[in-house]
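Me: Please give me a close look at the largest pocket of this model, and then set it in the context of the chain around it.

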Amino acid sequence: MTAHGRILGLAHSDADVIGFLRLAGLPDAEGLLDDPARVKWRGGHAHRYGTA
């Protein structure tokens, strides 16, 4: 996962994404997962995690 061009880590769950968003300074992270203006899902469908 990247934020502002900085690599934050690899997310394995929504909880990971929320944690990374908080690290990026977004305290209301839970409400952002389905906001396409704030979160862009790449390499698969939203909320689906697995091996590529």
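Reply: Happy to. Helices (H or I, at least four residues) and strands (E, at least two) are taken here as DSSP runs, numbered from the N terminus. The model is predicted, so local features need pLDDT of at least 70 and side-chain atom pairs count only at pLDDT 80 or more, while totals for chains, interfaces and linings use all residues. Residues are numbered from 1 along each chain as its sequence is written, and side-chain values use heavy atoms, with hydrogens and water left out.

Let's start with the fold. The chain contains one helix and two strands, and from the N terminus on these elements follow the order β-β-α. Along the principal axes, the C-alpha atoms fill a box of roughly 30 × 20 × 20 Å. Of the 52 residues, 23% count as buried (under 20% relative accessible area with a 1.4 Å probe, protein chains only; exposed is over 50%, partly exposed in between). Among the contacts (heavy atoms within 4.5 Å) with a separation of 6 or more, 17% come from residues 24 or more positions apart.

Now to the part you asked about. The largest pocket has a volume of about 780 Å³. A pocket is an open set of points on a 1 Å grid over the protein atoms alone where a 1.4 Å probe fits, with protein on both sides within 12 Å along at least five of seven lines, and lining residues have an atom within 4 Å of a point. Points are joined across faces, edges and corners, and the volume is the space filled by probe spheres set on them.

Which residues lie nearest the centre of the largest pocket? They are Met1, Ala11, Lys40, Trp41 and Arg42, out of a lining of 24 residues. The elements that give two or more residues to this lining are strand 1 (2-3) and helix 1 (14-23). By residue type, the lining of the largest pocket divides into 12 nonpolar, eight polar and four charged residues. In that count Ala, Val, Leu, Ile, Met, Phe, Trp, Tyr, Cys and Pro are nonpolar, Asp, Glu, Lys and Arg are charged, and the others, Gly among them, are polar.

Met1, one of the residues nearest the pocket centre, gives us a handle on the strands and the loop beyond them. Ile7 belongs to strand 2, and leaving aside residues up to four places away in sequence, Ile7 touches Met1 and Thr2. Despite those contacts, Ile7 is exposed, at a relative accessible area of 69%. Its C-alpha atom lies 9.9 Å from that of Phe20, a residue 13 positions away in sequence.

Gly9 shares the Met1 connection. This glycine sits in the loop between strand 2 and helix 1, and beyond its neighbours within four places in sequence it is in contact with Met1 and Phe20. Gly9 and Phe20 are 11 residues apart along the chain, with their C-alpha atoms separated by 7.7 Å. Gly9 is partly exposed, with a relative accessible area of 23%.

Back between the strands there is a backbone detail to check. His4 lies in the loop between strand 1 and strand 2 (6-7), and its phi is near 55°, a positive value in a residue other than glycine. With 79% relative accessibility, His4 counts as exposed.

The segment after helix 1 is worth a stop as well. Arg38 lies there and is partly exposed, at a relative accessible area of 47%. Not counting residues up to four places away in sequence, Arg38 touches Leu26 and Leu32. The C-alpha atoms of Arg38 and Leu21 are separated by 9.7 Å, with their positions 17 residues apart along the chain.

Gly43 is also placed in the segment after helix 1. What is the status of Gly43, buried or exposed? Gly43 is exposed, with a relative accessible area of 91%. From Gly43 to Leu10, 33 residues apart along the chain, the C-alpha separation is 12 Å.

Further along the segment after helix 1 comes His47. Like a glycine might, but without being one, His47 has a positive phi, of about 70°. His47 is partly exposed, with a relative accessible area of 33%.
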